[in-house]
Amino acid sequence: MQRRQPQFAAVFLAFSGVLCVCPPAARAGSPSGSGAQSAIHTGGSIAGFVKDSSGLPRSGAAVLLLDKYERVLERGVTNARGIFGFPDLTPGSYSIRVSLASFVPALKHRIAVQPGMQSLLFINMASVISSVELVYAAPGQGALMSDDWKWTLKSSTATRPVLRLRDEDLFPEAADSPEERRGETSIFSDTLGMIRISAGDSEGPGIGATPDLGTAFALATSLYRSNRVQLSGKFGYMPRTGLPEGGFRTTFSRAGSTRQVSVTMRQLYVPNRTLPAGPPDSPALRTMTVAMSDHIDILDNIRIEYGASLDSISFLDRLTYSSPYARLTYRLGSLGVLQLAYSSGVPPVDLLARDPEAEKQLHQDLNALSTMPVISMRGGQVRMERTENMEIGYQKRAGSRTVSLSAFHESVSNPALTVSAPGGLLPASDLMPDFSSSSSIFNLGSYRRSGYAVSLVQALGDRFEAGISYGNAGVLEVNSDTPVNGQGGEAAALDLRSRFRTSNHQWASARISASLPGSGTELTASYEWTDPGVVLLSHYYMTQGAFPQPGCNIRIRQPLPQMFGMPGRLEATAELQNLLAQGYASVPASGGHRVVVTQVPRAIRGGLSFVF
């Protein structure tokens, strides 16, 4: 008989131990014989064996168990033998994601769990393409007890102790740690952190969205294994003014609960040049946001996500606003997904789906920290931009292709736009500073608009994705070519506001996303076209994942090699927004000058992140 390779024997022997010591369901029941009845199995299990390309078991790999809606149900790590497991699972469809430093994550969708059945995974981690092989085993079926299995068990006597594996060896999530067996409890576990240094322009209208030069950090950890706490903060200086800006955000969630609570505080100093009668020192703008998000499943295919945020703004005066939101998702099975959404106030950034990867959750927290209420000045009083949005959307997946349709109607009060005007034309009581340029933020009054969008996204393998979108939505266009009131002051501000009206224009966009093998470079590029000379308005879509951005946009994320054996890893990022300066509207002014208005100014940012 031909002798098998040791690597082959070790893998099959490990899974023989899985079958022997961790049956898919309880073995309780009457013994076989006359009148004996087999036990009824109500649950199933998932177990797996993780190894690298050389065939060696990999311990310490992070394993996420996700349900059919891509929500994280359980977390685990592989033991010293490279084995992980999730017992007593409710029948249904699950996904498994395995991550390990220096390897490409492995992902397996649509793992069926049925009563009394085991789903066994062979996972091969690699630096280019990781592979997953799925095998199902039912009680008494002997699906894995082929001649190869029997030969391995008989010939490899030195490795037979694997048959004495205990449940805690296979299922670390269900096992007590040594500290717990000694009566001790670890306060912090599953800790992940990130530090980011960035520089460049601010990312949009408003003040303090992102410092021109700053440092940010994010830290996530489990508290007593039942609570998840995420801390993030940023601090920086504005090169044009030399004024500091900072903020902190704390997010708390409890294991087994769908509720999430966050508290965000920010402070920055505003230069006095825009204030008509301010104090001699630079005034401070302080904001505090308390937000709560949750969801409830009415039926298996109907979910309601809801939440609210309470914003308190202190700047020359004190403002307090509440911003509720809700979204209903109706899953139609093979027919797709239908969604209805409503929001009032600031955009519901917490409605974005929390990514199952802990590292991406850190990025999401930093993005939320950089998104603060947009404020402006009008008549010497502080105003906050608020949007009332109603939306309906439909999405259907067909293999690797996703089709989305969305329609919305929104009413915006106190919209803040970036304006560049000749000195003295507009009153200081109607302007706020824009730190990234010599421009200012101007309150345009209010507007209403409607629109729709159709998008198609095609995945080409695991590393490339392309999408196209088409739609029709309201934009701001200038309805007069006469110069703005040359008297300046409030009359010029009123005249400028009256020049703009909303009208519907067609637009089209294209987007590609790619992950390059070997270097690990992640590249995303998009372009949105519409008629020139109009102000393109951004919309926060609540019913589709595609967010068209005006103009040409490029984002690059490049992992860097480790130096001097240091732990963690380095990543360089670059973001280029609206490179072709599209969506700018020009209004003539006296003396041959012009007033330029836009909502999405051109911006370039770069940064360096250290993940540990």
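**Surface patch, sheets and local backbone features**

A nonpolar patch of about 680 Å² lies on the surface and is made by Ile195, Ile197, Phe217, Leu231, Phe248, Leu560, Leu608 and Phe612. The model in which this patch occurs is a predicted one. One of the patch residues, Ile195, is placed in strand E9, which covers residues 188-200. The relative accessible area of Ile195 is 37%, so this residue is classed as partly exposed, above the 20% limit for burial and below the 50% limit for exposure.

The protein chain as a whole contains six helices and 33 strands. Of its 612 residues, 47% are buried. The accessible surface of the chain amounts to about 29500 Å², and carbon and sulfur atoms account for 56% of this area. Among contacts between residues at least 6 apart in sequence, 62% join residues that are at least 24 apart.

One open sheet consists of five strands with antiparallel pairing, in the order E23-E24-E22-E32-E31. The edges are taken by strand E23 (431-433) and strand E31 (585-588); each has a single partner strand, so one side of each is left without a neighbour in the sheet. On average, neighbouring strands of this sheet are turned by 35 degrees against each other when direction is ignored. In general, the strands of a sheet pair through backbone hydrogen bonds, in a parallel or an antiparallel manner.

Strand E22, residues 416-420, pairs with two strands of this sheet. Three bridges join E22 to strand E32 (residues 594-598), and the two run antiparallel. The pairing of E22 with E24 is likewise antiparallel and extends over four bridges. Val419 takes part in both pairings: its bridge partner in E32 is Val597, and its bridge partner in E24 is Ser440. Four of the five residues of E22 are buried, so this strand is largely enclosed by the rest of the structure.

Helix H6 (residues 489-498) lies across three strands of the same five-stranded sheet, namely E24 (440-443), E31 and E32. The helix runs at about 75 degrees to E24. Within H6, the residues Ala492, Ala493, Asp495, Leu496 and Arg497 are buried. The elements that cover the buried residues of H6 include E24, E31 and E32, together with strand E18 (375-378) and strand E27 (500-515). An α-helix has 3.6 residues a turn, so residues three or four places apart point the same way.

A further open sheet is made of four strands in the order E3-E2-E5-E6, again with antiparallel pairing. Strand E3 (72-77) and strand E6 (106-113) form the edges, and each pairs on one side only. From one strand to the next, the twist averages 20 degrees. Strand E2 (residues 62-66) is joined to E3 in the antiparallel sense by five bridges. Within this pairing, the bridge partner of Val63 in E3 is Gly76.

Positive phi values outside glycine are found at Asp88 and Asn578. For Asp88, phi is near 55 degrees; this residue belongs to strand E4, residues 83-89. Asp88 has 68% relative accessibility and therefore counts as exposed, the limit being over 50%. For Asn578, phi is about 50 degrees. Asn578 is found in the loop between strand E30 (569-577) and E31, the latter being an edge strand of the five-stranded sheet. With 0% relative accessibility, Asn578 counts as buried, because burial is assigned under 20%.

The loop between E27 and strand E28 (522-530) contains Ser519. At a relative accessible area of 35%, Ser519 is partly exposed. When residues up to four places away in sequence are not counted, Ser519 touches Gln558 and Pro559. Ser519 and Pro559 are separated by 40 residues in sequence, whereas their C-alpha atoms are 7.5 Å apart in space.

Note on methods: Residues numbered from 1 in each chain as written. Predicted model: local features only at pLDDT ≥ 70, side-chain atom pairs only at ≥ 80, totals over all residues. Heavy atoms only, no water. Pairing = 2+ DSSP bridges. Axes fitted to C-alpha atoms, helices over the stretch in contact; angles between N-to-C directions. Contact = heavy atoms within 4.5 Å. Buried < 20%, exposed > 50% of the residue type's maximum accessible area, 1.4 Å probe, protein only. Areas by Shrake-Rupley, 256 points an atom, 1.4 Å probe, with all protein chains shown as cover. Patch = residues over 30% accessible without salt bridge, like charges linked within 9 Å, V, L, I, M, F, W, Y side chains within 5 Å. Salt bridge = Lys/Arg side-chain N within 4 Å of Asp/Glu carboxyl O.
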